[in-house]
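User: Hi! I'd like a close look at one part of this protein, the internal cavity and the packing around it. Could you walk me through it in one go?

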Amino acid sequence: VEYVWTKEQAIDTLSDRKISYVRLFEPFNWVIATGEYTRDYQTEIKRTVLEKLQSIRFDNNGNNYIFVYDVHNMNGGEDFATMLINPNRPDLEGKKISDSVLDSHGKAYRQEILKTLRENQAGFVEYAYTAPQSKEIEQKISYFILYPQWHWIVASGVFLGDIEKVYCWTDRPVWP
């Protein structure tokens, strides 16, 4: 059974969607039921997803990870999103972030991210960012995707120096 029910909280009272399972236990003519507010269930699912995403690494050095924004305004602004997870910057987790932040080359990369997502709901953006292991500013390319059901931007990137370490070599043959 799905319905709206009053949910009392510490500060106020809300009406919220609730789903219940109801069963008649005929021997005693009892109605046995259990229910859950859909918002509480969704909150629990989001928490579990974030825990899983936070633990994923794509390499052995920890430079490549997943980060997630909770978007408040797709048009940008000073508090356009809240950083939900960023293993490289745990100091930002749970804090509002601005789209006016510039990388070390003066690029407003978050504005570019938002523009790309408004047009395509997914795409790549290149920018300069501090690599977790070296603490050096390196070029990074990240793939961003908008998950509109939860107002999330989910992203992962790779530092171009890490690609070079794997796929390039220093003792290259000299071609005539």
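Analyst: Happy to; here is a tour that starts with confidence, moves to the cavity and then follows its surroundings.

This is a predicted model. The protein chain has a mean pLDDT of 88, with 90% of its residues at 70 or more. Among its elements, strand 5 (residues 81-85) has the highest mean pLDDT, 97, and helix 3 (residues 160-167) the lowest, 78.

Now to the cavity itself. The count of cavities of 30 Å³ or more comes to 1, and the largest cavity has a volume of about 70 Å³. Its lining is made up of Y65, F67, Y69, M83, N86, Y109, R110, Y127, Y129 and K140. Strand 4, helix 2 and strand 7 are the elements that give two or more residues to that lining.

One lining residue to pause at is N86, which sits in the loop between strand 5 and strand 6 (96-97). N86 is buried, because its relative accessible area is 2%, under the 20% cut-off. Setting aside neighbours within four places in sequence, N86 is in contact with Y65, F67, E93 and Y129. A polar atom of the N86 side chain also lies 3.0 Å from the backbone nitrogen of N88. As for D103, it is 17 residues from N86 in sequence and 16 Å away in space, C-alpha to C-alpha.

The nonpolar packing comes next. The largest nonpolar core holds 22 residues, and F67, Y69, I113, Y127, F144 and I153 have the most contacts inside it. Strand 4 (66-71), strand 5, helix 2 (109-120), strand 7 (122-130), strand 8 (137-147) and strand 9 (152-159) each give two or more residues to this core, with helix 2 giving the most, 4 residues. A second, separate core of 7 residues includes L50, I66, I85 and W152. In soluble globular proteins, nonpolar side chains tend to be buried together.

Y127 links these themes, as it lines the largest cavity and is among the residues with the most contacts inside the largest core. Beyond residues up to four places away in sequence, Y127 touches F67, D103, Y109, E138, Q139, K140, S142 and F144.

Last, there is S142, in strand 8. The side chains of S142 and Y127 make a polar contact at 2.8 Å. S142 is buried, because its relative accessible area is 0%. Apart from neighbours within four places in sequence, S142 is in contact with F67, G123, F124, V125, Y127, S156 and G157.

Technical notes: Residues numbered from 1 in each chain as written. Predicted model: local features only at pLDDT ≥ 70, side-chain atom pairs only at ≥ 80, totals over all residues. Heavy atoms only, no water. pLDDT = per-residue confidence, 0-100. Core = buried A, V, L, I, M, F, W, Y, C linked by side-chain atoms within 4.5 Å. Buried < 20%, exposed > 50% of the residue type's maximum accessible area, 1.4 Å probe, protein only. Contact = heavy atoms within 4.5 Å. Polar contact = N/O pair within 3.5 Å; in protein donor to acceptor, adjacent residues only side chain to side chain. 1 Å grid on protein atoms, 1.4 Å probe; cavity = no way out; pocket = protein on both sides within 12 Å on 5 of 7 lines; lining within 4 Å. Points joined across faces, edges and corners; volume = space filled by probe spheres on them.
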